[in-house]
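Student: I am new to this one. Please take me through a single part, step by step.

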Amino acid sequence: MENWNLAELDSAILDFTEIATELNYRKAQKSLRSLIGNLDLTSQEQSGLESEITRLTGMLDKLEQSVVQIAAFGMVGRGKSSVLNALIGQEVFATGALHGVTRTVDEVAWDVAQTKSREEKSREQKRQQLQRLTISNSSNKSKIQLLDTPGIDEVNGQEREILARDLATKVDLILFVVSGDMTQVEFNALSQLREAGKPMLLIFNKIDQYPEADRLAIYEKIRDDRVKELLSPEEIIMVAASPIEVQAIAEADGKITVKRLRGQPQIEALKLKILELLDREGKSLIALNSMLYADLVNEKLLQRKLEIRDRAANELIHKGTMIKATAVALNPVTAIDLFTGALIDVSIILSLSHLYGISMTQGSAIALLKKIALSMGGIGASELLATLGLSSIKGLLGISIPVTGGLSLAPYLSVAIAQGGVAGVSSYAIGQITKTYLANGASWGEQSPKTVVKDILNSLDQESILNRIKSELKAKVKYTK
C-alpha cells in the first residue's frame, strides 16, 4: 500500500471530521424535529407553556438556517454596543456615553461579506478561507447573529441581568467586554456566565485610551491574575471599537484648534478570532448548544406536564375516595360494601391510566388492584375488618332506628362515617400507589411492588387523611351530635 504523506493524512482527518460534524448536525435536527412533533401535551398542559414551545420551534429554525448567535455582555460604559457596531461596520446598536442605553436584547444579522476592512481585503487568501468557512445556507450567505444585552450593573436592572444570563444559555458564543482592569462585579459576572459552558472571548476594549505600556500592563494583569482560572490567553482580545483621535487643525486666522475625531475601529483581531472559531467548530457549536437548550426546555416542559398531571391525578383520587367513602358509609349491606368499594377502586385505576396515557383493560386494572391490595398489608386488613365488623353493627343500628324512634340514628351515622373513613383511606392509598406506578411508565422501577407500596404508605399522613374524609362525610350526610 502506498504510504500517505502528512498533508494527505491531514486532509483525510479533516474530511472525516467534516463528515462527522455534518452527521451530528443532521442528527441534532432530526432529534429536535422529533421532540417538537411528539410533545404529547393536552390543551390544558400547553396553557402557560407557549413561550417554551415557541423557543423550541425557534431552536429548530436556528438549526435549519445554520444561525450562529453571538451575544455581548459587560458593565455599563464598557462599549458592548460599540464593539458590535464595529464588527457590523455600521451604527446599528445604540450607544451612550454615561449610562447604558440597551434596555432589551437587540439583535442584528452580521453579513461577513459586507464587513471586510481594507486590511482583510489585502489578505486575499485568508479572506477567501474565512468566507468559505462561515456558516451559510444554500444561498451561501453568512448567518451570524449578534446580540447586544443590557449592562449587568445597571441601577434597578435585576430583571435585565436575569434576561442576560438567561440569554447566555441559548447563544453559541459569548463576548464579555471590559475597558480596563476588571472589577469584582465583572469577575463575578464572568464566572457566572462561564457556568453556561459556552465558548467565550474576553474583549479588552478602549485600548486607544491607554499608553502602550499601561495597556500591556492591564492586559497582563487580566491574563495572569484576574481570569487565569477561567480563560486562556488566546481567549483575550484587545480592541478599540470606537477610538478617539486628537487632531490639531489650523483655522483661517492662523489659530490652532484641537479636535477629537472618531478614528477607524481596531477590530480586525476580534473578527478573525470569531471567524476562525467558527471555522473550527461553527456547526458543532450550533448543534450542541441547540440540543443543550432543547434538553433544558424539554425538562421544563416535562416537569410542568408531570406537575399538571399530578394535580389532576390527586383531584381524581380525592373524588374517587369520597365517592367510595360515601357509598360505603350509606350502604348497610356488607357484601354490597365490598363489591362497591372494589368497583370504585378499579374505576380510579382506569381513570388514572387514561390520564397518564397508558392503555389498560378492566382485567389488567383488577390484576393491578390485587397486587396493590396484597402489598398494602395493614390498610387492606383494616378496611376489610372495618367493612365486615362495622357493617354488621351499622346494619343492626339501621334496623333499630324505627323501633327506637330515631334514637339510634346518631350511633348509626357515627359507625357509618367511621367505616366510610377507613374505606376512603384505603382507596386514597390505592390511588396514590397507582399514580406512582403509572407516572413511572407502568413500572415499579428497580424496586419490588412491596417496597414501593411501603414507601408510599409511610409517606402518607393516614390520620390527617382519615380526619379530612370524615369531615367531608359529616357534611354529606348532615351529621349532628
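Student: How many residues of strand 1 (residues 68-74) are buried?

Tutor: This is a predicted model, where local features need pLDDT of at least 70, side-chain atom pairs count only at pLDDT 80 or more, and totals for chains, interfaces and linings use all residues. Residues are numbered from 1 along each chain as its sequence is written, and side-chain values use heavy atoms, with hydrogens and water left out.

Now the strand. Strands (E, at least two residues) are DSSP runs, numbered from the N terminus. Buried means under 20% relative accessible area, with a 1.4 Å probe and protein chains only. In strand 1, 7 of the 7 residues are buried, so the rest of the structure largely encloses this strand.

Look at its faces. In a regular strand the side chains alternate between the two faces of the sheet. On one side of strand 1 sit Val68, Ile70, Ala72 and Gly74; on the other sit Gln69, Ala71 and Phe73. Both faces are covered.

Next, the neighbours. Two strands pair if DSSP finds at least two bridges between them. Strand 1 pairs with strand 3 in the parallel sense, over 5 bridges. Here Ala72 stands opposite Asp148. Strand 1 also pairs with strand 4 (residues 173-178), again parallel and over 5 bridges. There, Gly74 has Val177 as its bridge partner.

Finally, one side-chain link. Gln145 lies in strand 3 (residues 144-148). Its relative accessible area is 18%, so Gln145 is buried. The side chains of Gln145 and Gln69 make a polar contact at 2.7 Å. Such a contact is a pair of N or O atoms within 3.5 Å; within protein, one must be able to donate a hydrogen and the other to accept it, and residues adjacent in sequence count only if both atoms are side-chain atoms.

Note on methods:
Helix = DSSP H or I, 4+ residues; strand = E, 2+ residues; numbered from the N terminus. Buried < 20%, exposed > 50% of the residue type's maximum accessible area, 1.4 Å probe, protein only.
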